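Please open the structure in your viewer and keep the selection tool at hand. The stops below proceed from one sheet to the contact between two chains and then to a second sheet.

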Protein chains: 2
Amino acid sequence: MKRHWNFLESRVAYQNRIVEVREETYRFVPNGIVQDFTVLGFADWVNIIPITPDEKVVMIRQYRLGTRSETLEIPGGLISEDDTDPAEAALREMIEETGYHSDEVVHIGTVEPNPAIQNNRCYTYLACNAVPVSGQSLDPTEAIEVELVDRKDIPALIRTSCITHGLVLAAFAHLMIYEASSNL
Amino acid sequence: MKRHWNFLESRVAYQNRIVEVREETYRFVPNGIVQDFTVLGFADWVNIIPITPDEKVVMIRQYRLGTRSETLEIPGGLISEDDTDPAEAALREMIEETGYHSDEVVHIGTVEPNPAIQNNRCYTYLACNAVPVSGQSLDPTEAIEVELVDRKDIPALIRTSCITHGLVLAAFAHLMIYEASSNL
């Protein structure tokens, strides 16, 4: 497939600490039409599925301001400048948000949250043999409840809309496929 | 769990036809700290997995400007003001982007693309017995190639990063779970 768009220009229309809104202009090669697009620039993200030795998924419950509702999620967040790689960021977020540690972290997939309008990636990990070692390490304005969920209940929680976060569903899709291929 | 944030104010910092960037201020109830957040306001989205009578998934390949790369996706898009409901929007997008029709469209899940920073939902459908009836109906600047994929190859395409779109992975997670529960 041909690359149908030639880049003409980009300007930052808005910027804060989490997002850069860019207005970009491209020319459509087949007919020369010039069109503007909006691209949202973000840092890359990570998320991680911690599973305990007795097959519980270590999930977190918190109030989310985007949807103004409570969500049930897996740990995750931004890759910070101090992280040497995405795996370290994922492990750090897991430890901070849950107090669980793991010495067996496996990369199970990488997702583009929305390639139509976002530039970033989300790296997804599985943390095997996750065990509680420390307390949570939260910012003064974080209220995160740890919730252990039987792994076999995950599909029902998704089906009944108790788990709705798109990137969490994508992570569980990667987990299902990773495990099916590991069992071949 | 208590609702930990009290809303104080919201202002639109940037707006165009696809996104409204809002700067919102909340007070954290437990300690009174006042904090600003960014919320991205979007219309609701839809996506749809069309499956033919011979078990092919009708996918689309296109160049995406967010990641500046080609993607393999399922049909989808915005719910427009002319759509009476999300199912109609999903069917319309499928017909426009692929020329395939279906008279058996089933809602298999609803996703929040990113509840931390976005307000919107993505409604996901399965279109059974999808058959080619018309040509594509594309805008002058859309270049979308239809690609029939053996349904059994989807997990391998996800595992090998040929399918990376987060909302497409979430849709396939819903499909896997929907089918497993239908087979009980």
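Select strand 1 (5-15) and strand 2 (20-28) of chain A; these strands run antiparallel and are joined by 9 bridges. Strands here are DSSP runs (E, at least two residues), as helices are (H or I, at least four residues), numbered from the N terminus. Within this pair, choose A:Phe7, whose bridge partner in strand 2 of chain A is A:Tyr26.

Before continuing, note that this is a predicted model, in which local features need pLDDT of at least 70 and side-chain atom pairs count only at pLDDT 80 or more, while totals for chains, interfaces and linings use all residues. Residues are numbered from 1 along each chain as its sequence is written, and chains are lettered from A and ligands numbered from 1 in the order in which they are written.

Now add strand 3 (34-41) of chain A to the selection. An open sheet of 3 strands appears, in the order 1-2-3 with antiparallel pairing; two strands pair if DSSP finds at least two bridges between them. Strand 1 and strand 3 of chain A are at the edges and have a single partner strand each, so one side of each lacks a neighbour in the sheet. Neighbouring strands of this sheet are turned by 25° against each other on average, direction ignored.

Next, colour chain A by domain, with bounds from an automatic or database domain assignment. Domain 1 covers 5-41 and domain 2 covers 45-182. The C-alpha centres of these two domains of chain A lie 31 Å apart.

Which residues of chain A should be shown beside chain B? In total, 60 residues of chain A are in contact with 61 residues of chain B, contact meaning that C-beta atoms, placed from the backbone, lie within 7 Å. Helix 3 of chain A gives the largest share of the chain A side, 10 residues. That side divides into 33 nonpolar, 19 polar and 8 charged residues. Here Ala, Val, Leu, Ile, Met, Phe, Trp, Tyr, Cys and Pro count as nonpolar, Asp, Glu, Lys and Arg as charged, and the others, Gly among them, as polar.

Select helix 3 of chain A together with helix 3 (residues 166-182) of chain B. At what angle do they pack? The angle is about 60°, and the axes are 8 Å apart; axes are lines fitted to C-alpha atoms, for helices over the stretch in contact, and angles run from 0 to 180 degrees between N-to-C directions. The residues in this contact include A:Phe172 and A:Met176 of chain A and B:Phe172 and B:Met176 of chain B. The contact comprises 12 nonpolar, 2 polar and no charged residues.

Finally, turn to chain B, where an open sheet of 3 strands has the order 1-2-3, with antiparallel pairing. Its edge strands are strand 1 (5-15) and strand 3 (34-41), each pairing on one side only. Select strand 2 (residues 20-28) and strand 3 of chain B: 8 bridges join these antiparallel strands. There, B:Arg22 stands opposite B:Val39 in strand 3 of chain B.

Definitions and conventions:
Two residues are in contact if their C-beta atoms, placed from the backbone, lie within 7 Å.
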